[in-house]
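User: I am new to this structure and would like a close look at one part of it. Could you pick a single piece, walk me through its neighbours, and show me how it sits within the whole?

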Amino acid sequence: MLKVEDINLTDWDFWRQPHEFRHEAFKALRWAPSLRRFEEPDVVIVPRGPGYYALTRHADVVEASRRPQDFCSGKGAIAIPDMPGDMHEFFGSMISMDDPRHAKIRRIVSRAFSPRMIQRFEDQVDAVAEQLAESVAAGEGTGDFVADIAARLPLKIICDLMGIGEEHYKTVLDATNVILAGNDPEFVDNSDAEAMALGLLTAGQTLKDLVEELGRKRRAEPTGDLTSALVNANIDGESLTDQELGSFFILLVVAGNETTRNAIAHGLDLFTRHPEQRALLVEDFEGRIAGAVEEIVRYVSPVIWMRRTATRDTTLNDHEIKEGDKLVLYYWSANRDETVFTDPDRFDILRDNKDHVGFGGPGPHFCLGAHLARREITTMFRTLLRRFPEIRAAGEPDRLESNFINGIKRLPYTV
């Protein structure tokens, strides 16, 4: 077991290590008697903060999630440094808000997701999955599973439901890649912090401008798409502003695209590495796919962490916490906690996964799109295994260099 004093979660060299090394490091942190504090990254564009505590145990992540009044999201939920308020809300939307504003936005958004709209989601997932499979069957694939299947499914569904035309798909995908690029030099200039920040803001502004223009059109001439439902939803006299619509779209397209995309890509990789689990799934697909989806999400934790900030002096499972302390909730580690999951490093689609935190912990910030993500992953694997019984990864995944997203950029495959 590694020594905790040799572990530095802020150092990019740590996140370049193999996954096995990282899991051993988090295991050491889970068994340490006290919370480990780390220095914050130096991002140049804002003053360096006082540091953060890493919550690596399942019990601590769950407890912090359950107590939003003590551990708030409105001070940089998706960033460790204290970014300017307009910047972190710009990219975070609801996940960077606290009540009562968080509750307001969530109510309006939930109203837009009516039973009819949810049925449209489900019908659209089935149709898109078939279209993608047909494209591969016709020999139109690139040989990269991410480009052909994993990235295209959630991107097309979200854009189609929002009413965004196909001519904008590449713009949306490119902006999403930049926003969640982490430190990956393929997407960002990681040698220049100011250039990275400018690229991030430009990508966000591109998405915001796109949906705000569409929103203005849908207010004047509503259609049956999600944008029309969002801009015309009104609860007790409250509706979404253009700013709130833009920020929500960034959240929707980034979270809804990346999480599903990476779960699907990891899923094919895992079923290739574990043929006995694939055989179990094929043996009783409808009876086992729900458990398989939860196990993929637990095992890979597409979103590695989120941040909270203590609103007062308090305790967290006997840990002393001071007002203003930053806490980083490592879902990646909580989902491998051996006190909760038996043999947690084993991929097992039959395990009981009711306690995993791959969609976030309990509380007001549990993933709003979890239902859609589950539906997309389920439908895509149902379609692929039916159309291509021999589909497999044909090489090692090309992984994203990120400490926030457990991403796969490319994955060769064969049918």
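## Strand 4 and its surroundings

Analyst: Of the 415 residues in the protein, 55% are buried. Please keep in mind that this is a predicted model, and let us set the scene before zooming in. The protein contains 16 helices and 11 strands. Its C-alpha trace spans about 55 × 55 × 40 Å along the principal axes. A compact globule of 415 residues would have a radius of gyration near 22 Å, and the protein has 21 Å, so the two agree.

The surface and the contacts add to this picture. About 17,400 Å² of the protein is exposed, and carbon and sulfur atoms supply 51% of that area. If we take contacts between residues at least 6 apart in sequence, 71% of them join residues at least 24 apart. As for charge, there are 50 positive and 68 negative side chains, and the centres of these two sets lie 3 Å apart.

Now for the part I would like to show you: strand 4, residues 305-310. Strand 4 belongs to an open sheet of 5 strands, ordered 1-2-7-4-3, with mixed pairing. Two strands stand at the edges, strand 1 (36-38) and strand 3 (71-72); each has a single partner strand, so one side of each is left without a neighbour in the sheet. In the order given, strand 4 sits between strand 7 and strand 3, so let us visit both sides in turn, remembering that strands of a sheet pair through backbone hydrogen bonds, either parallel or antiparallel.

On one side is the edge strand, strand 3. Strand 3 and strand 4 run antiparallel and are joined by 2 bridges. You can find the pairs yourself: Phe-71 stands opposite Ala-310 of strand 4, while Cys-72 has Thr-309 as its bridge partner.

On the other side is strand 7, residues 326-330. This pairing with strand 4 is also antiparallel, and it runs over 5 bridges. One pair to look for is Arg-307, which stands opposite Val-328 in strand 7.

How covered is strand 4 itself? It is mostly covered, as 6 of its 6 residues are buried. The burial holds for both faces. One side carries Trp-305, Arg-307 and Thr-309, and the other carries Met-306, Arg-308 and Ala-310. Here we meet some residues from the pairings again: Thr-309, the partner of Cys-72, is on the side with Trp-305, whereas Ala-310, opposite Phe-71, is on the side with Met-306.

Finally, step back along the chain to the loop between helix 14 (285-300) and strand 4, where you will find Ser-301. Its phi is near 45°, a positive value in a residue other than glycine. Ser-301 has a relative accessibility of 1%, and therefore counts as buried, since the cut-off for that is under 20%.

Asp-343 makes a useful comparison. Its phi is near 45° too, again a positive value in a residue other than glycine, and it lies in the loop between helix 15 (331-334) and helix 16 (370-387). Asp-343 is partly exposed, however, because its relative accessible area is 42%.

If you would like one more backbone detail to find, look at the cis peptide bond between Asp-99 and Pro-100, where omega is about 10°. Pro-100 is in the loop between helix 4 (85-92) and helix 5 (101-112).

Methods
Residues are numbered from 1 along each chain as its sequence is written. This is a predicted model: local features need pLDDT of at least 70, side-chain atom pairs count only at pLDDT 80 or more; totals for chains, interfaces and linings use all residues. Side-chain values use heavy atoms; hydrogens and water are left out. Helices (H or I, at least four residues) and strands (E, at least two) are DSSP runs, numbered from the N terminus. The radius of gyration is taken over C-alpha atoms; the globule rule is 2.2 Å times the number of residues to the power 0.38. Buried means under 20% relative accessible area, exposed over 50%, partly exposed in between (1.4 Å probe, protein chains only). Contact means heavy atoms within 4.5 Å. Accessible areas come from the Shrake-Rupley method with a 1.4 Å probe; for residues, only the protein chains shown count as cover. Lys and Arg count as positive and Asp and Glu as negative; His and the chain ends are not counted. The place of a charge is taken as NZ of Lys, CZ of Arg, CG of Asp or CD of Glu. Two strands pair if DSSP finds at least two bridges between them.
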